[in-house]
Amino acid sequence: MTGAGSTEHDTEHDYDVVISGAGLAGSAAAILLARRGVRVALLERRSDPGAYKVLCTHSLTANAYPVLDELGLIPALEEAGAVRNEARWYTRWGWIEPGAAPGPELPYGYNVRRSTLDPIIRSRAGQTPGVDLLLGHQVTGLIQEGGRTVGVRASTPQGERELRARLVVGADGKDSAVAKHAGVPARLHENTRFAYFAHFRGLPLPGGIAHTWFLEPDMAYAFPNDDGVTVVAVVPDKKRLPGFRKDLEGSFTAFVRALPEAPPIDSAERVSKIIGVLDYPLVDRTPAAPGIAFIGDAALTSDPLWGVGCGWALESATWLTEAVAPAAAGRGDLDRALAAYARTHQRRMRGHQFLAADFAKARPFNPLERLMFSAAARDGSLARHMHRFGSRLIGPMRFLNPVAIAQASAVNIKHRATAAGSAPTDR
């Protein structure tokens with residue numbers, strides 16, 4: 001005897017799980033679920049196995065490393081030339097340089113272009129026993145019975161088909177078709193910055209590491225990637241958008257040239273168009289509904305200036321797998337498992353998204369941010385602490401814990417006292 005959320009293994013389903021979207025989140029979830037005995041259909045609307053996401057920071061923050069390791073992708077990424085992503089950050093108080101501070105090696109992830117990464121992880125998913133990779137399959141509707149989703153309708157190169165499953169996973173981005181068909185609304189948070197990206201080859205950066213500029217309110221970054229390609233992005237306040245629209249090439253180049261320790265783009269080869277994102281709100285949804293789960297950008301899309309979306313895509317695939325794998329294979333209560341996944345996702349992400357949405361208002365640093373950023377520019381241990389937060393290895397509560405705040409306050413008090421003592425005096 002089984003209820004709506006508790007099922008035994010049966011022949012009523014074509015698959016245990018249908019995943020819509022074979023990008024990072026969807027491919028990772030397919031691999032991890034299949035390894036746990038779950039039968040997975042991995043649907044990808046594009047027919048090209050080498051398709052990839054163009055608009056991306058191409059950054060896998062250090063929180064993604066354990067997932068990449070579990071997936072067995074570290075050797076393939078290293079062989080493909082992925083760059084370990086050490087970073088330094090410019091502020092009005094100077095550079096925050098975690099890697100220059102004494103201590104053990106910092107945790108790292110990778111910078112790697114999606115044109116390299118996406119085909120690697122999608123191919124690995126397609127080779128995993130228990131996964132059917134179905135290219136050219138686009139979800140056009142959901143099958144719903146008794147108030148829950150029990151499958152999808154998809155257009156395919158051979159025509160329309162239905163795929164029934166215990167669980168449907170939306171891994172299809174911030175404009176998720178699965179969410180729209182299910183009537184799961186999105187919460188939007190305005191982003192009052194815009195962004196332009198370009199790829200350069202032969203662009204040296206000090207130390208060969210990633211750079212980010214906090215210009216208050218404008219932002220910029222330069223991330224070295226595989227094959228000697230560096231992604232340079234400018235992320236200004238929307239008040240500057242008319243000027244960029246009038247002269248994109250000139251505005252982009254002038255913005256980069258004016259950066260402190262500016263990357264020498266004039267002597268580098270630009271190997272892409274300048275790609276613009278003029279309106280990119282932050283998006284989040286309830287991570288689960290009866291018979292449905294959302295992962296990656298379909299669950300939460302943050303501000304791209306932080307370069308955290310790829311890491312969270314992989315982590316959310318892990319959280320989903322850990323919560324639902326037994327139930328998805330018919331050995332437990334699926335509704336209870338989905339509720340557990342939703343709690344984990346919200347607990348791990350809510351604080352990060354709150355801070356990102358607030359900073360997306362293109363405001364200057366608030367008092368607490370001024371305290372932490374200024375102290376991190378002056379103290380190596382706080383720079384390393386900021387690295388752990390920027391890499392999403394710790395959450396906001398641990399980043400802003402009382403000990404760290406007290407340490408930052410002491411660092412700044414000492415700095416002011418030293419500055420006052422060294423100031424010239426009238427005699």
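What is the order of the three strands in the open sheet, and is the pairing parallel or antiparallel? I began with this point, working throughout on a predicted model.

**Entry 1: the open sheet**

I read the strand order as S4-S8-S5, with antiparallel pairing. The edge strands are S4 (59-60) and S5 (83-84), since each pairs on one side only. I then looked up the pairing of S4 with S8 (residues 110-111), and found two bridges in the antiparallel sense. Within S8, asparagine 111 is the residue that stands opposite serine 59. I noted for reference that strands of a sheet pair through backbone hydrogen bonds, either parallel or antiparallel.

**Entry 2: strand S3 and its partner**

I turned next to S3, which covers residues 40-44. Five of its five residues are buried, so the strand is largely enclosed by the rest of the structure. I checked the directions of the side chains: Val40, Leu42 and Glu44 point one way, while Ala41 and Leu43 point the other way. I recorded that all of these are buried, Glu44 included. In a regular strand the side chains alternate between the two faces of the sheet.

For pairing, I found that S3 and S2 (residues 15-20) run in the parallel sense over four bridges. Valine 17 has valine 40 of S3 opposite it.

**Entry 3: aspartate 132**

I located aspartate 132 in strand S9, residues 131-135. Is this residue buried, partly exposed or exposed? Its relative accessible area is 35%, and because buried means under 20% and exposed over 50%, I entered aspartate 132 as partly exposed. Leaving aside residues up to four places away in sequence, aspartate 132 touches Tyr15, Val40, Ala41 and Leu42. Of these contacts, Val40, Ala41 and Leu42 also appear in my listing for S3. I also looked up the separation from arginine 88, which is 44 residues away along the chain: the C-alpha atoms are 42 Å apart.

**Entry 4: helices H10 and H11**

My last query concerned H10 (residues 367-378) and H11 (residues 380-390), which pack at an angle of about 125 degrees with their axes 6 Å apart. The two helices are therefore oblique to each other. I recorded their crossing as left-handed. On the H10 side the contact is made by Met372, Phe373, Ala375, Ala376 and Arg378, and on the H11 side by Gly380, Leu382, Ala383, His385 and Met386. Sorted by class, this contact has seven nonpolar residues, two polar and one charged.

Methods: Residues are numbered from 1 along each chain as its sequence is written. This is a predicted model: local features need pLDDT of at least 70, side-chain atom pairs count only at pLDDT 80 or more; totals for chains, interfaces and linings use all residues. Side-chain values use heavy atoms; hydrogens and water are left out. Axes are lines fitted to C-alpha atoms, for helices over the stretch in contact, and angles run from 0 to 180 degrees between N-to-C directions. Angles under 35 degrees count as roughly parallel, over 145 as roughly antiparallel, 65 to 115 as roughly perpendicular and the rest as oblique. A crossing is left-handed if the near helix is turned anticlockwise from the far one by less than a right angle, and right-handed if clockwise. Contact means heavy atoms within 4.5 Å. Ala, Val, Leu, Ile, Met, Phe, Trp, Tyr, Cys and Pro count as nonpolar, Asp, Glu, Lys and Arg as charged, and the others, Gly among them, as polar. Buried means under 20% relative accessible area, exposed over 50%, partly exposed in between (1.4 Å probe, protein chains only). Two strands pair if DSSP finds at least two bridges between them.
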